[in-house]
Amino acid sequence: AILGVSRELLLSGSRSLQSFIHHDDWQNFNQLFQESVTGEKSFKWEGRIFISREIIKWIEVAGLPVRLDAGKLGWSGVISDIGQRKALEQKQIYQNS
């Protein structure tokens with residue numbers, strides 16, 4: 001589990017989505033997600049999530065809205081761990097400065 005929690009816990013709604021996302025990244029995530037919902041268009045975001053209080057992980061989320069029964073909107077997509085890519089990007093920035 002990339003997020004460090006079970007699929008069942010995520011889908012149960014017992015924790016808010018915001019509780020997983022780094023506070024510095026929440027506004028961007030929320031804005032892009034709301035645009036995706038209202039426009040029923042694809043969603044793509046990369047940012048940091050909390051695995052625990054001490055562990056932060058970089059992820060990329062990409063998905064498409066799917067119209068379900070009774071007019072509800074669901075999502076089909078993937079979540080990828082991009083931690084290694086982010087580490088290499090930071091290393092390159094450091095070396096070029």
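**Helix α2, the β-strands and their aromatic cluster**

In helix α2, the residues Asp25, Trp26, Phe29, Phe33 and Ser36 are buried. The model discussed here is a predicted one. The cover over these buried residues of α2 includes three strands, namely β1 (43–50), β2 (56–67) and β3 (73–81).

The helix itself comprises 17 residues, 23–39, and at 1.5 Å a residue it should span 24 Å; the C-alpha atoms at its ends are 25 Å apart, which agrees with that expectation. After α2 comes Glu40, which has a positive phi, near 45°.

The strands that help to cover the helix are joined through hairpins. Strands β1 and β2 pair in the antiparallel sense, with eight bridges, and five residues lie between them in the hairpin that they form. Within this pairing, Arg48 is found opposite Trp58 of β2. Strands β2 and β3 are likewise paired in the antiparallel sense, over nine bridges. Here Pro65 stands opposite Trp75 of β3. The hairpin of β2 and β3 also has five residues between its strands, and Ala70 in the turn has a positive phi of about 60°.

Aromatic side chains connect the helix with the strands. How many aromatic pairs does the structure hold? There are six. In one of them, the rings of Phe29 and Phe33 have planes at 5° and centres 5.8 Å apart; planes under 30 degrees apart count as stacked, so this pair is stacked. Both residues belong to helix α2 and are four residues apart, about one turn of the helix. An α-helix has 3.6 residues a turn, so residues three or four places apart point the same way. Phe29 and Phe33 are both buried.

Phe29 also forms an aromatic pair with Phe43, and this one is edge-to-face, with 5.4 Å from centre to centre and 85° between the planes. Because Phe29 lies in helix α2 and Phe43 in strand β1, the pair ties together parts that are 14 residues apart in sequence. Both Phe29 and Phe43 are buried. Beyond these individual contacts, ring pairs link Trp26, Phe29, Phe33, Phe43, Trp45 and Trp75 into a cluster.

Two further rings have a charged side chain over them. The charged end of Arg15 sits over the ring of Phe20, at 3.9 Å from its centre. Lys86 lies over the face of Trp58, 4.5 Å from the ring centre; Trp58 is the β2 residue that Arg48 stands opposite.

Notes:
Residues are numbered from 1 along each chain as its sequence is written. This is a predicted model: local features need pLDDT of at least 70, side-chain atom pairs count only at pLDDT 80 or more; totals for chains, interfaces and linings use all residues. Side-chain values use heavy atoms; hydrogens and water are left out. Helices (H or I, at least four residues) and strands (E, at least two) are DSSP runs, numbered from the N terminus. The expected span of a helix is 1.5 Å times one less than its number of residues. Buried means under 20% relative accessible area, exposed over 50%, partly exposed in between (1.4 Å probe, protein chains only). Contact means heavy atoms within 4.5 Å. Two strands pair if DSSP finds at least two bridges between them. Rings of Phe, Tyr and Trp (its six-membered ring) pair if their centres lie within 6.5 Å; planes under 30 degrees apart count as stacked, over 60 as edge-to-face and the rest as tilted. A charge sits over a ring if NZ of Lys or CZ of Arg is within 6 Å of the ring centre and within 35 degrees of the ring normal.
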